Amino acid sequence: MKKLFLTLLTVVHFSADAASSTQHHYNDILLRQEDLHRSYRSIYERLTDINNFESLTSWYRLFTKDKSNTRYYQATNTIMQSKILGKSYRQLLYYYALTGQRQQAAQTLGLYLISAHTLIDNTILDPQAQAWNPNAIADLSKKHWPYALARKQIKGIEQCFALSLQRSGVTTRSFDIKRSFAVVQAFKDCVNPDPLVNQLNEKLQTLFMEHKYHGAPFPVSFSGFVGGNKVTLHNLLPDKPRAILDLGDQLHLMLSAQAPGLEKKYKDLTIEDFKLLMDTPEAALTELFTTAEGFRNTHESKNMSHFSDSVLGPIGGDILGTYATMLQAIREAEESVFVDIFWMGGSIGMNLAKELFKKVIEDPDFTVIVITDNENKFQYGHQLDMVYRYMRAFAEKFSNKNFYITPTQINLKRTALPEFADLLITKNVVEDLSANNNVKTLLESDGFHLLAKSDHSKVLIVDGKQPTGGRAFVGSKNWTDSSGGVNRDQVAEVQGPATAIILDSFYYDVYEAFVLDTDPLLGGEMVKNHISRKFGDDAPTIASIKKLLTPIDVLNRTTGAVLIDYEPIGDSVIAMAQNNIYGTEMSAIEQNIQLILGAKHQILIDDQFLYDPQIIDALKFAKEQNKVDIYVLVESLLGYPKDESGSYLFDASGVLRYQPEMGVQVPNNLFVPELASLGIPTKAYHRPDHVVAAISEDQRRHQQSHPLLGATFHLKSLSVDGVMRADSDTCNDITGAIFSEKDNSAPAAVSGSANKDIMTMSGGFRESQITTYDFSSVADHDCLFWQRWDHHSMASTGLEFELPKQADQMGITDKQTFLNTIRQIVFSTYNFTKEHF
Amino acid sequence: MRYHMIFPFLFVTFWFSSVYGSYPISEYELMVVEALPEGLNLSMSLKDIEETKLKSRVQQNKNLASQLIADRLSALLSGESFQNGYNLLELAQAFPFQDILTELIAAQTEESFQHVDKESQFLAFILPKVPTAKTQDAVLPFKRFYSLQKAPVVDNSQWGFRPEQSYSELINERVLQAIQFSYENNYVQLNRNEPFFVGLLVQINFAGPESTINVQLLGGLPTDTEFDFDQKEKEAHFKKIRMPRRPKLKWLSQQYSSHPGVIITASYQQSASQPLTLNIKFGSLGLVKGENWDLTRSPFENPLLEIDGITINSYMARYNTPHLWGEILAPLGIGALDWWLAREYNIKMNIHEVSLDLATLKISDIRVLTEFERKPEFLSWSVLRLPTIEQQAVNDQFVAAANKQLEPYQKQVENIKTSLETQGLVYTLLKPEVQKQFLTLLNQALGTEVGGTP
């Protein structure tokens, strides 16, 4: 009877043309993300977190010490593997069942089915998959269950599975090898006859075993591909000498100016000092960092185009630069602004802060939420801390306003060091280490997380909950003067339903940051103050935090309100990738690899770093197997001449000149010779002379020991199958650049925060990036790439460096061997496995 | 018989020129093997298992190590040299491994670990990683590009964790595949006949004052190579130093155990009379057994087959060892057989094992097995194969001769000792220049000028 019902359900459902309902698709994505975090997070962590996985492998090592157990395992595994194709899911499920944890066993099955469904779903919507195998994708989308329905079915399977285990005696929390029979029975009762299971299995077999799908054998992201958007790319800002010098002057002023009424400089003010100086919210705008003191204040001017001599202004005419566009978006916001930013400081950060203050001052219902990495500051602590304290004082003091800023909870992230660091150095050890005087001194001066954890995202989202008016800016731009100001960056602006999905991906980052803020040990007052003021002194903390987050809570988790119907407003597809806070998604690397493997004609890489072995491996495959042309443009890490003491050397005319012979340096050159041998040219970005001259002038003017403004090639981008090399001269055509291969490929460009180095790609940093399948943004990216390739870059062999004296001591006499040695030392540690006796 | 010995160590001097170039880059991996903590049981939740591990002795040692490392590292990072240049190589050189190890061992008192496991063993392997291209799955050709730690929904491969496989099976399988791959892809360049790096094992056993550290380096020997050598003794005229041959049959040549190999083991035990010893073993590449790497087909000792101090080791075995090769000159004292041996056989002296005390650079033991090899012109299907024999007196002669040769070089060993004192055993042994220095020293001590046909 049950079987008949399931079959009927399937038939009824399929007639409803499941896959095409765009509107449902948006909410499906949101639901799916939430399911992963709320219902399945602990199971997912058991499968992927190294400490969790380590416990499971220990259990199995103990288990298989008895050889008769191994035979039970093998026999049961034979039954399971016909329906669960993922080995790690089978192993976890079996453990749970044998130890009496039937609900968890059922949930493991559920997570497997959701993942399988998501994988199929993502493949159907992947423009590259469609370009390679249109017929196969058409077959795949036939009778595909929409998530909402699949979800119901999966819940049913889970219940059935848990019940069957219970009936077979899996009731107590103890080990019993005979429960292997219960697992087999539960498969017979609930899994083997299920139409969804069988259909997913069939599709997975087809997808992987016949059509040679190039994507990952797991869902790269639970948000997949989102259609119906508009995209604009922002990759320019004013960099005329006067704008650069102006920025340098402003930064110098920030670092040197005396705070009013206190015998301290601004940079030395504490949060309490700032509070003292802000009698009213308005005072934060008008009495600190004032125009009278020489500070530029964008909030005082209505029109961003007034700042033509500033990096915060237009590039030319009415065309705004990257910062100006984002500031303009904030001004136009109606409900909320959300910012997750790695670095926010200096005069740029101060101006952004004031624009945000102004929003909450002018509109009592307006909400601003800023989360930021507050631990990784390197040499920029002064300019970052000053702005953080300024904003934090405002947020703590004016709890009647909806303004929040708090550090991200980065300790929930996994390490970006080799995995064994997470096994070696436990949380307690980190705490002990942080108390160590030597370590403390080091962290205070240079500031970085001991286990290389960070929130490296650079995201701004305005009105993310609005059905059509939201805008999300995802890119590589930091909001600070050094490593921000005149850096070469790329930011993609998205309008449309994807905005809400991007915003929702940060919900738990904010939630965890707010929870962390209430930790009495950390002395946080902001969230506590706001809860007391808004909900009363006795209000429960967690429930109140969720209420505070309502303006950015797309799923209305607290209010239970009906989900918003997001409408398509354009035809661009967006695929989001992230290394999220819980590590339930670490998809930056997979998105890049999938794009590289899915390229049909050309790959352009422009990134600050490129030395992740997996990415390199994928590039090699693309070049050798798919015959794709590849061009690599990276930051030249040591392009400035230095003397023996490490000071920069200026030439006779007083300019710090770039030296092409310095080329690409370690670590960016680690793979360059190998890429070159495959016919993949690599170039290092060469800053325009006027920019270098202005940076040098700024350095001399303010007597800095090293330049504070860098014009770093700071992009973290990639594009595939866009404007071909042969068509690059069409970039200047009035009609726009030609996409000569667009009919048989899927042009796409990546914008975001994730560098292509091994630490980032390991997933340890909180990153966010988006791929835009959109001709206009791809053309914007590619045309600038070609312009830089032709005019602002220098070819590199990767060997333009002097062997260090240590190489000689190690018996290494040639550069290639030296690079190989470094590679072995660096990458071998990332190839890590753990076993037990 | 007195042998002026050129030890077949000279191969090792090639070693380090090839170690850093022959195997594809980034294709090594670190594998750590730990004892399961006591107190685990199969009913435990994963969280309980994690907590039990946190209380284990291994974890306590890790915590201590982390603290010591962080303390020293932060001092170095704050130091002037690093602040000026961010020189990571300098940092690595200045890192006080010896202090850290000494402190770790000093902390291994029974009192400090009353509530946890009494012993804790920890193995760290550096293994050749089978290149990702090799792991390509015919069914899922693109899977190799993606991490396997993100719970693939399609994954029926033999890669990754397999409960039914023990750690040693896993390592042996991995090494076997890597070696085969190396040969198939000429990473081990057969035409150049170079030695090659297979793996490194660091074994730490914390057991109070009996704590030990062993470092094993497993390498493949060059094959089909010989060096000219001229040494005339009363009984034999040695003309060559020969490396073992590789089987010519393809199926055999791709077998792991067909490859000649060497294991260099350095052992450190503070409480022992010889705290630091080195052992070099030649044979066929072998497998991990227990907690050590071993070579296969090592000669065995059987007292039942001993006659007048001569042990008949084997009638059949042919050992994959370097050897001195020469012609028999004088009667060996076995009567009527003398003329026949001298006419139809050549002599091979297989070097199997050398042990020495590193602190004094004194050789404590050498095992040499004598083998009689039928001259080609007398080869036939029905040829009589003679036993391989081991004679303690010959071993002793080798030891005495080697030690005599070593005497002038005692001073040179000071460099290594200083390095050990300042930088610790593991680091010292991992430093190529120290290895090179050490091996050059051995070659100088044990050899004369050689010509060769590598």
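On a 1 Å grid over the protein atoms alone, a cavity is a set of points where a 1.4 Å probe fits but cannot get out, and its lining residues have an atom within 4 Å of a point. This is a predicted model, in which local features need pLDDT of at least 70. Residues are numbered from 1 along each chain as its sequence is written.

With that in hand, let's look inside: the structure holds 10 cavities of 30 Å³ or more. The second largest takes up about 180 Å³, a volume being the space filled by probe spheres set on the points. Its lining has 20 residues, and Val220(A), Ser221(A), Phe225(A), Gln591(A) and Gln594(A) lie nearest the centre. By class, 12 lining residues are nonpolar, seven are polar and one is charged. Domain 1 (2-219) and domain 3 (586-801) of chain A each give at least three residues to this lining, with domain bounds taken from an automatic or database assignment.

Now for a pair of helices (DSSP runs of H or I, at least four residues). In chain A, α4 (residues 50-63) packs against α6 (residues 87-98) at an angle of about 65 degrees, their axes 11 Å apart. Angles of 65 to 115 degrees count as roughly perpendicular, so α4(A) and α6(A) are roughly perpendicular to each other.

Methods. Chains lettered and ligands numbered in written order. Predicted model: local features only at pLDDT ≥ 70, side-chain atom pairs only at ≥ 80, totals over all residues. Heavy atoms only, no water. 1 Å grid on protein atoms, 1.4 Å probe; cavity = no way out; pocket = protein on both sides within 12 Å on 5 of 7 lines; lining within 4 Å. Nonpolar A, V, L, I, M, F, W, Y, C, P; charged D, E, K, R; others polar. Axes fitted to C-alpha atoms, helices over the stretch in contact; angles between N-to-C directions. Helix = DSSP H or I, 4+ residues; strand = E, 2+ residues; numbered from the N terminus. Parallel < 35°, antiparallel > 145°, perpendicular 65-115°, else oblique.
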